[in-house]
2 protein chains.
Amino acid sequence: MSGTQLFYFPILIYAMQQLSIDTIKTWERFYRANFINCLSGFKAASLIGTVNKDGQPNLAVFSSVVHLGSDPALIGFINRPLAAAPHTLKNIEATGVYTINHIHPSFVAKAHQTSAKYPAEVNEFEAVGIQSQFVDNIIAPFVADSHVKYALQLVEIVPIKHNNTFLVIGAITNVLIDETLIADDGFIALENAGSMTSLGIDAYYTTQLNARFGYAKPNLPVQGL
Amino acid sequence: MSGTQLFYFPILIYAMQQLSIDTIKTWERFYRANFINCLSGFKAASLIGTVNKDGQPNLAVFSSVVHLGSDPALIGFINRPLAAAPHTLKNIEATGVYTINHIHPSFVAKAHQTSAKYPAEVNEFEAVGIQSQFVDNIIAPFVADSHVKYALQLVEIVPIKHNNTFLVIGAITNVLIDETLIADDGFIALENAGSMTSLGIDAYYTTQLNARFGYAKPNLPVQGL
């Protein structure tokens with residue numbers, strides 16, 4: 001059996017494929033978009049709530065929220081080109097205030113439906129059947145059924161010239177959260193809130209904790225918490 | 001029982017807490033960092049591989065990878081201030097090339113250990129026991145055991161002046177993937193790869209598909225796929 005040694009290699013190696021961007025560029029547009037959107041991995045499934053200058057509410061699903069820093073508490077999200085996704089960005093420019101709301105399985109289908117291209121005059125809360133919530137003097141609407149949500153004040157809109165998208169930077173001003181989710185060390189067990197993660201352009205997942213680890217130091221073995 | 005009507009409100013309302021940023025700022029530093037880092041939701045757990053100008057490999061865990069666009073295929077990540085996290089960014093500036101590798105449960109503890117502040121001359125692949133993989137003429141190392149990984153060419157480093165972080169923008173040049181993961185429509189079922197999502201500064205999760213939905217249109221009910 002001269003080939004026996006080959007079987008000591010992990011079987012996975014045989015399934016690994018190398019694809020160049022020149023090959024990927026030849027793919028059909030929607031196939032390619034699904035593939036590239038999935039490649040970067042799991043994302044924070046979020047609904048962003050805004051109002052325009054007349055107080056007309058808007059709600060839209062976003063998957064590009066990114067943590068920028070905790071002191072000051074800055075959060076970013078990527079807004080697609082204005083021609084594709086104008087309402088949220090225009091409202092934030094007009095008012096400076098917006099909310100980010102976690103998505104849970106009980107309303108994930110409605111959340112996805114906010115990605116439809118509704119005209120500017122449509123209130124997506126009403127169109128998809130998600131209840132809005134206004135808190136104190138924060139002019140942007142929250143999602144009533146979201147267990148983890150926060151309001152932000154616009155800090156800067158950074159144009160990304162390479163593809164006409166925008167990095168929208170906001171400072172957290174208020175947090176609404178089910179306080180039973182907060183652990184003794186400040187950690188928020190989002191799986192207990194049912195907060196979802198999204199993948200690609202249309203998939204939504206629940207999560208299961210695998211491990212927490214202690215602060216890593218050189219020459220010390222990693223410690224599970 | 002004059003108070004009976006109160007019990008018709010969802011019990012959750014009683015646990016919702018509103019926190020202002022002025023309150024959060026008074027919290028102990030690590031408690032606050034855990035809280036704010038979790039608030040933005042689940043993230044793509046990733047290892048970024050680089051080499052310095054002399055070919056010395058570096059590997060570091062990142063949780064701030066963000067999809068910027070699929071045509072051109074641009075991916076961003078946030079690099080912390082240079083004083084806190086110099087090696088990856090300096091290497092990318094020097095060589096223009098880096099890899100992003102998904103993390104799986106089989107090596108998640110080792111992946112987290114790369115967050116230790118090793119000196120510049122330490123090769124984290126060797127220090128934590130992760131096998132590197134070099135492919136063709138791509139000078140940056142991949143993680144051999146990662147089932148989904150890709151190489152990028154630096155496009156732009158955008159300084160974020162408000163907290164001295166950086167948005168690093170790269171164009172995908174090559175993808176290495178277990179081709180059995182790719183669905184007929186280009187979707188990548190990352191749960192089958194065991195690709196993990198991270199939360200906060202130290203937690204790692206596996207995922208379970210809840211739903212995929214069709215392209216949403218106004219006045220049409222949302223369609224499960």
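**Chatting through a two-chain model**

Author: Buried residues account for 56% of the 225 residues in chain A. Bear in mind that this is a predicted model.

Reader: Thanks! How many helices and strands are there in chain A?

Author: Chain A has six helices and 13 strands. Its C-alpha trace spans about 80 × 50 × 35 Å along the principal axes.

Reader: And what share of the contacts in chain A join residues at least 24 apart?

Author: That share is 59%, counted among contacts between residues at least 6 apart in sequence. As for the surface, the accessible area of chain A is about 9900 Å², with 54% of it belonging to carbon and sulfur atoms.

Reader: Nice. Now the pair: what rotation superposes chain A on chain B?

Author: A rotation of 180°, with 0.0 Å of shift along its axis, and the RMSD is 0.0 Å. That is how a two-fold axis relates two copies.

Reader: Which residue of chain A comes closest to the rotation axis?

Author: That would be A:Thr207, whose C-alpha is 2.2 Å from the axis.

Reader: Why do you say the copies meet through the same surface?

Author: Because 100% of the interface residues of chain A are also interface residues in chain B.

Reader: Switching to empty space: how many cavities of 30 Å³ or more does the structure hold?

Author: Four. The largest cavity has a volume of about 120 Å³, and 18 residues line it. Those nearest its centre are A:Phe42, A:Lys43, A:Val65, B:Ala44 and B:Val65.

Reader: Which elements give two or more residues to that lining?

Author: In chain A they are β2 (43–44) and β5 (65–70), and in chain B they are β2 (43–44) and β5 (65–70). By class, the lining of the largest cavity has eight nonpolar, eight polar and two charged residues.

Reader: What about the second largest cavity, what lines that one?

Author: From chain A, the lining takes A:Ile21, A:Ile24, A:Lys25 and A:Arg32; from chain B, it takes B:Ser70, B:Asp71, B:Pro72 and B:Ala73. Four of these residues are nonpolar, one is polar and three are charged. The space inside is about 50 Å³.

Reader: You just mentioned B:Asp71 and B:Pro72. Is the peptide bond joining them cis or trans?

Author: The bond between B:Asp71 and B:Pro72 is cis, with omega about 0°. B:Pro72 sits in the loop between β5 and β6 (73–79) of chain B. In chain A, the bond from A:Asp71 to A:Pro72 is cis too, with omega near 5°, and A:Pro72 is in the loop between β5 and β6 (73–79) of that chain. For background, most peptide bonds are trans.

Reader: Good to know. Which residues other than glycine have a positive phi?

Author: Among them are A:Asp136, with phi near 50°, and A:Asn164, with phi near 60°.

Reader: Where are those two, and are they buried or exposed?

Author: A:Asp136 lies in the loop between β8 (132–133) and β9 (142–143) of chain A and is exposed, at 64% relative accessible area. A:Asn164 belongs to the loop between β10 (148–160) and β11 (165–178). With a relative accessibility of 52%, A:Asn164 counts as exposed because the cut-off is over 50%.

Reader: Last one: where is A:Ala127?

Author: A:Ala127 is in helix α5 (residues 124–128) of chain A. Its relative accessible area is 40%, so A:Ala127 is partly exposed. Beyond its neighbours within four places in sequence, A:Ala127 is in contact with A:Tyr118 and A:Val122.

Note on methods
Residues are numbered from 1 along each chain as its sequence is written. Chains are lettered from A and ligands numbered from 1 in the order in which they are written. This is a predicted model: local features need pLDDT of at least 70, side-chain atom pairs count only at pLDDT 80 or more; totals for chains, interfaces and linings use all residues. Side-chain values use heavy atoms; hydrogens and water are left out. Copies are superposed by least squares on the C-alpha atoms of residues with pLDDT of at least 70 in both. Contact means heavy atoms within 4.5 Å. On a 1 Å grid over the protein atoms alone, a cavity is a set of points where a 1.4 Å probe fits but cannot get out, and a pocket is an open set with protein on both sides within 12 Å along at least five of seven lines; lining residues have an atom within 4 Å of a point. Grid points are joined across faces, edges and corners, and a volume is the space filled by probe spheres set on the points. Helices (H or I, at least four residues) and strands (E, at least two) are DSSP runs, numbered from the N terminus. Ala, Val, Leu, Ile, Met, Phe, Trp, Tyr, Cys and Pro count as nonpolar, Asp, Glu, Lys and Arg as charged, and the others, Gly among them, as polar. Buried means under 20% relative accessible area, exposed over 50%, partly exposed in between (1.4 Å probe, protein chains only). Accessible areas come from the Shrake-Rupley method with a 1.4 Å probe; for residues, only the protein chains shown count as cover.
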